[in-house]
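Morning, everyone. I'd like to walk you through one model today, going from the inside out. Have a look at it first.

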Amino acid sequence: MLQNLQGMKNNLFATAILVLAAMSLAAQPMQEGEKSIAINVNPVFRYIGNFFSDNENYNNDLNLSGAGLIYRSVYKENRALRLSANIDVNRSTDYFESAIWEQTSSAVNAYASIALGQEFFKVTPSSKLKLLKTKRSWRKYAGYDVRVFGSYNQRNYGYEPVPDLYGNNYNNSGPVGTRVISDVYNQRLGAGMGGFAGIEYYFSDHFFIGLEARASFFVAYQFDNVEKKQEYFYDRMLDQVVGLPGKESRGGEGLEFGFDSGLPIIFRAGFTF
């Protein structure tokens, strides 16, 4: 069943690429009023790169890490308005073993943004592409945008005791300790302004791939970080770790200023129409 789903996903991805290529052949030359749509292909590069991973337990799959979409409209010569949306969702699981327990942690990191901006561009024709009958090959651009964004991060911890490796030095019980059960952090809602620059290569008049670099400054409201901890001790009579009632600590709420850490380099593929 899982193999069938994976095969369907790969077929859909291949079909989407063919549709983009076909639409590029039917579009009109670049002029005032022309529009373009492009998608971030960072997840695809990561998916292809993971084929070379030597981790046999890794489940390679397309995900939303670095996914995004951008829409542009040329409103005058060499200028365009753009609307973009980005989402970055990562899930990870880590394992750690100590003399006291085996610890497994699972994390969810999410970031999403919507931006409106303006770009200034220049199209450079290339005589080397006469066989492709295209009037342009490179599109260089730079600009600025204003964005709103939100982020959420959470990590949960699970513990399994290793009784053979501890507890032998105590008459009745081991020492009291503290362990983290869950941690919620970097919960933000904010807005920022930034600049970007990029370059696009056109295979035809309307189909292109591109690379964009960006940086932005933001102000955000940081919600409380919430950390849940649990005190424990090893009970020799029971031969197990005994967890006491959990405690919750909060802190960090307030305004925050800084640089946006989401996707500094973006790879794209798209078409104009």
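**From the core to the surface**

Let's start inside: the largest nonpolar core is made of five residues, V74, A80, F121, Y141 and F196. By a nonpolar core I mean a set of buried Ala, Val, Leu, Ile, Met, Phe, Trp, Tyr and Cys residues joined through side-chain atoms within 4.5 Å. Buried is under 20% relative accessible area, exposed is over 50%, and partly exposed is in between, with a 1.4 Å probe and protein chains only.

Before I go on, a word on where this comes from. It's a predicted model, so local features need pLDDT of at least 70 and side-chain atom pairs count only at pLDDT 80 or more, while totals for chains, interfaces and linings use all residues. Residues are numbered from 1 along each chain as its sequence is written, and side-chain values use heavy atoms, with hydrogens and water left out.

Back to the core, and to A80. What is A80 in contact with, leaving aside its neighbours within four places in sequence? The list is S73, V74, Y75, G117, Q118, E119, F121 and R139, where contact means heavy atoms within 4.5 Å.

Now the overall layout. We have two helices and eleven strands, and along the sequence they run α-β-α-β-β-β-β-β-β-β-β-β-β. Those are DSSP runs numbered from the N terminus, H or I with at least four residues for helices and E with at least two for strands. The protein has 273 residues, and 37% of them count as buried. If you take contacts between residues at least 6 apart in sequence, 75% join residues at least 24 apart.

On to the charges. How many salt bridges does the structure hold? There are 14, counting a side-chain nitrogen of Lys or Arg within 4 Å of a carboxyl oxygen of Asp or Glu.

I'll pick out three. In one of them, E200 pairs with R72, with the closest N and O atoms 2.4 Å apart. That pair links distant parts of the chain, since E200 is in strand β6 and R72 is in strand β2, 128 residues apart. E200 is buried at 2% relative accessible area, and R72 is buried too, at 3%.

Another is R82 with E212, where the closest N and O atoms are 3.1 Å apart. R82 is in strand β3 and E212 in strand β7, so this bridge ties together parts that are 130 residues apart in sequence. Both R82 and E212 are buried. The two side chains are also joined by a polar contact of 3.1 Å; that term means a pair of N or O atoms within 3.5 Å, where within protein one must be able to donate a hydrogen and the other to accept it, and residues adjacent in sequence count only if both atoms are side-chain atoms.

These two pairs belong to a bigger picture: R72, R82, E119, R139, E200, E212 and R268 are linked in a network of salt bridges. You've met E119 and R139 already, among the contacts of A80.

My last bridge is R188 with E256, at 2.7 Å from N to O. R188 lies in strand β6 and E256 in strand β10, so the pair ties together parts 68 residues apart in sequence. Is each partner buried or partly exposed? R188 is buried at 16%, whereas E256 is partly exposed at 22%.

While we're in β3, look at N86, which sits in that strand and is buried at 11%. The N86 side chain makes a polar contact with the side chain of N40, at 2.8 Å.

There are also a couple of backbone oddities. N78 has a phi near 65°, a positive value in a residue other than glycine, and is in the loop between β2 (65–76) and β3. N186 has a positive phi as well, about 50°, and is not a glycine either; its place is in strand β6, residues 177–202.

Finally, the outside. The protein exposes about 16500 Å², with carbon and sulfur atoms supplying 60% of it; the areas come from the Shrake-Rupley method with a 1.4 Å probe, and for residues only the protein chains shown count as cover. Which residues make the nonpolar surface patch of about 850 Å²? They are L189, F217, V219, Y221, F223, L255, F257 and F259. Patches are made of residues with over 30% relative accessible area and no salt bridge, with like charges joined within 9 Å and nonpolar side chains (Val, Leu, Ile, Met, Phe, Trp, Tyr) within 5 Å. β7 (207–222) and β10 (254–259) each supply at least two of the patch residues. F223 is in the loop between β7 and β8 (225–235), and is partly exposed at 33%.
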